[in-house]
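These are my notes on charged pairs and on one further residue that I looked up. The entries follow the order in which I consulted the structure.

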Amino acid sequence: MNSLQRLNDVLPVEVKSQKDIERIDSLIIPGGESTTIGKLLRDFNLSGCLVDRIHSGMPVWGTCAGMILLARKIVEEDSIHLGVMDIEVRRNAYGSQLDSFSCSAVMDKVSEYPIELVFIRAPWIERAGENVEVLAVHECKIIAARQNNMLATSFHPELTDDLTFHKYFAGF
Ligand SMILES: NC(=O)CC[C@H](N)C(=O)O
């Protein structure tokens, strides 16, 4: 929310109900614990209307746990997810909380200068469908990708001061 408040022409709101989902223009599904977010989406009956809005073109960006929820498939697991984006994702791919790390990378399609990337119990993308545009690779693993109105990142741009990724998504 703090990062979004620093952008012009963006009014960030929290999304907790079907009514909220109906009135927003775009959505960020944040990091956290994907199994918990998945259960909340189910228990509050939000998955159906969310999937409908994404299918009808609403921009959506999943960071970390959010990326897991967007994925078509979660490798070797069967937790609840939305299954809208043609990527296969491995949860906790880099290890435990203690294996969290940051690095920097240039992503030609997003920015000309290196951006700091923060990974916390992060997933990576093991397979991306042919309609998915790969935006960033770190040590041979896909860590950012886009498919039309859907953006997925393994890392947490909101944990740095850099707004490049937020601006990129705001331009969808
Ligand atoms: N920082 C995060 O969002 C961690 C995601 C978490 N490992 C999960 O599986 O949901």
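I began with the accessibility of Asp 86 in this predicted model. Its relative accessibility is 26%, so I entered Asp 86 as partly exposed, given that the class lies between under 20% for buried and over 50% for exposed. I then looked up its partner: Asp 86 forms a salt bridge with Arg 72, and the closest N and O atoms are 2.8 Å apart. This pair links distant parts of the chain, with Asp 86 in strand β4 (residues 85-90) and Arg 72 in strand β3 (residues 71-74), 14 residues apart. Arg 72 has 41% relative accessibility and therefore counts as partly exposed.

Second entry: Glu 76. Which residue does Glu 76 form a salt bridge with? I found Arg 90, with 3.3 Å between the closest N and O atoms. Here too the pair links distant parts of the chain: Glu 76 sits in the loop between β3 and β4, Arg 90 in strand β4, 14 residues apart. Is Glu 76 buried or exposed? I recorded Glu 76 as exposed because its relative accessibility is 68%. Arg 90 is partly exposed, at a relative accessible area of 22%.

Third entry: Glu 77. I noted that the side chains of Glu 77 and Arg 91 meet in a salt bridge at 2.9 Å, N to O. Glu 77 belongs to the loop between β3 and β4, whereas Arg 91 belongs to the loop between β4 and β5 (101-105); the two are 14 residues apart and link distant parts of the chain. Glu 77 is partly exposed at 33% relative accessibility. Arg 91 has 15% relative accessibility, so I listed Arg 91 as buried. I followed the shared partners further: salt bridges join Glu 33, Glu 77, Arg 91 and Arg 121 into one network.

Fourth entry: the total. How many salt bridges does a search of the whole structure find? I obtained 12 for the whole structure. As background, I noted that side chains of opposite charge can pair when their charged atoms come close.

Last entry: Thr 153. I located Thr 153 in strand β10 (residues 150-153). Its relative accessibility is 0%, and Thr 153 therefore counts as buried. Leaving aside residues up to four places away in sequence, I found Thr 153 touching Trp 61, Gly 62, Thr 63, Cys 64 and Met 67, together with Ile 143, Ala 144 and Phe 165.

Note on methods. Residues numbered from 1 in each chain as written. Predicted model: local features only at pLDDT ≥ 70, side-chain atom pairs only at ≥ 80, totals over all residues. Heavy atoms only, no water. Helix = DSSP H or I, 4+ residues; strand = E, 2+ residues; numbered from the N terminus. Buried < 20%, exposed > 50% of the residue type's maximum accessible area, 1.4 Å probe, protein only. Contact = heavy atoms within 4.5 Å. Salt bridge = Lys/Arg side-chain N within 4 Å of Asp/Glu carboxyl O.
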